[in-house]
Amino acid sequence: MRETVIQLKRGKERKILNLYPWVYRDEVAYLREAGAVSHLYDRRGRLLATGLYSPSSRVIWRFLSLGKVKVDRSFFKKRILEAVAYRKHVPATAYRLVFSESDFLGGLIVDRYNNGLVIQIRSEGMERMKGVVVDALVEALSPSFIYERSDMEGRWEEGLKPVKGPIVGDAPNILTITENGIKFYVDVVGGLKTGFYLDQRRSRQYVASLVKEGFKVLDLFSYSGGFSIYAALKGAKVLAVDTNEAAIRLAQENARLNGVSVSVLVADAFKFLMSDRDTYDLIVADPPAIAKRKDARKSLLGAIWKLTYYSLPRLREGGHLYLCSCSYQASLQDMITYVRFASTDRKIPIYIAATLIQPEDHPFLPHFPESLYLKCLHVVRAPSR
Ligand code: SAH
């Protein structure tokens, strides 16, 4: 198999040697096109790294390894087994097994649901390796099924159509996972993302640690009730709000599955919050990725302001707001700034009691700042002054 050769413009090798995993089209001085596997050279002809070539993408090259390596089934199998080993202590039967660039497999997501796998392919280069990757997954893990959920809009930027369907075996329509000892039904075929917000596992446990018996909890953007069920199991009275009717139905079934009850409401979380007159001990606000692109950053920061501005009066003094953003476009510092604006606009002082990021199965690779995408603030309503 012939490899694509890419030579970088002068100086562009430094970031690659620093383990930044992307090369943009305008950083390339010379290109000789062949297969998906590609060797990267600096301007003086020194071999730097091996990666995958995506001809239609703005990100023309994604890192796999320093130096020259053979990219075959055993390469992927080794990387997959390393990823599994790193996640040995995750306290759940469902977790992210491969997180793209963070596992040095840029473009590949693998989520484990019990013995089954749900994969998502995000780059043209990885798409061309799909057969080899699937073989490696089968050989490494003997999964009971592999289902593909590459049905996201971002694929168009890679010249790829959204794709969804079984690859190996049959995925059960609804399966049951266990996370921190709590059970959840998951719809890997029809649910959002790959079926469950695996990246909020640590947040759910943290929020549960704040809950006392009898707490009134409002779970905004509840999806299938992740935060709600954790809180209800700690003795809280919970109201879950989401626009997605199927998710809300699943939230109720998840409550039943764990022997608790949760009140639910199919509604727009912003509108609900703006007209609500109740007081809560704890509000969770975990909105969807409002800003996938840079130009939407303003509306994301506006949403952070709005959620805080309308939540604060709904909290008792000492009450908790747990606010998340799953978009890279707003940094932790941005979030703190807009939460502070909302607090001063309301003249309600706050403390930031904790900040959390995505859990260990979605590793934040500091060489690749884009991999830090999920940030949450634990805000406490301070006494009025
Ligand atoms: N907290 C959840 C994950 C939330 S994902 C968990 O732990 O599992 C974001 C959710 O917001 C999705 O379920 C989506 O249906 C919902 N959503 C999107 N826009 C909304 C809106 N305007 N009002 C309420 N829910 C909304």
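A nitrogen atom of the ligand lies 2.8 Å from a polar backbone atom of alanine 269 in this predicted model, and the protein covers 90% of the 580 Å² of accessible area that the ligand has on its own. Two further polar pairs involve aspartate 242, through its side chain, and threonine 243, through its backbone; the three pairs are set out below.

| Ligand atom | Protein partner | Distance |
|---|---|---|
| Oxygen | Aspartate 242, N or O atom of the side chain | 2.7 Å |
| Nitrogen | Alanine 269, polar backbone atom | 2.8 Å |
| Nitrogen | Threonine 243, polar backbone atom | 3.3 Å |

The ligand is surrounded by 15 residues, the closest of which are Arg204, Phe221, Asp242, Ala269 and Asp286. By residue class, this shell divides into eight nonpolar, three polar and four charged residues.

Histidine 378 belongs to strand E20, which runs over residues 375-381. Because its relative accessibility is 4%, against a cut-off of under 20% for burial, histidine 378 counts as buried. Leaving aside residues up to four places away in sequence, histidine 378 touches Tyr206, Leu210, His320, Leu321, Tyr322, Tyr351, Ile352, Ala353 and Ala354. With one of these, histidine 320, the side chain of histidine 378 forms a side-chain to side-chain polar contact of 2.9 Å. Although alanine 353 is 25 residues away along the chain, its C-alpha atom is separated from that of histidine 378 by 5.5 Å.

Strand E20 is also among the elements against which the buried residues of helix H10 pack, together with helix H9 (297-311), strand E18 (315-325) and strand E19 (350-357). Helix H10 itself comprises 15 residues, 332-346, and reaches 21 Å from its first C-alpha to its last, close to the 21 Å expected at 1.5 Å a residue. The buried residues of this helix are Asp334, Met335, Thr337, Val339, Ala342 and Ser343. After H10 comes lysine 347, whose phi is positive, near 55 degrees.

Aspartate 42 is located in the loop between strand E4 (37-41) and strand E5 (47-53). Is this loop residue buried or exposed? Aspartate 42 counts as buried because its relative accessibility is 2%, where the cut-off for burial is under 20%. A polar atom of the aspartate 42 side chain lies 3.0 Å from the backbone nitrogen of arginine 44. Not counting residues up to four places away in sequence, the residues that aspartate 42 touches are Gln7, Leu8, Glu13 and Leu48.

Conventions: Residues are numbered from 1 along each chain as its sequence is written. This is a predicted model: local features need pLDDT of at least 70, side-chain atom pairs count only at pLDDT 80 or more; totals for chains, interfaces and linings use all residues. Side-chain values use heavy atoms; hydrogens and water are left out. A residue is near a molecule or strand if one of its heavy atoms lies within 4 Å of it. A polar contact is a pair of N or O atoms within 3.5 Å; within protein, one must be able to donate a hydrogen and the other to accept it, and residues adjacent in sequence count only if both atoms are side-chain atoms. Accessible areas come from the Shrake-Rupley method with a 1.4 Å probe; for residues, only the protein chains shown count as cover. Ala, Val, Leu, Ile, Met, Phe, Trp, Tyr, Cys and Pro count as nonpolar, Asp, Glu, Lys and Arg as charged, and the others, Gly among them, as polar. Helices (H or I, at least four residues) and strands (E, at least two) are DSSP runs, numbered from the N terminus. Buried means under 20% relative accessible area, exposed over 50%, partly exposed in between (1.4 Å probe, protein chains only). Contact means heavy atoms within 4.5 Å. The expected span of a helix is 1.5 Å times one less than its number of residues.
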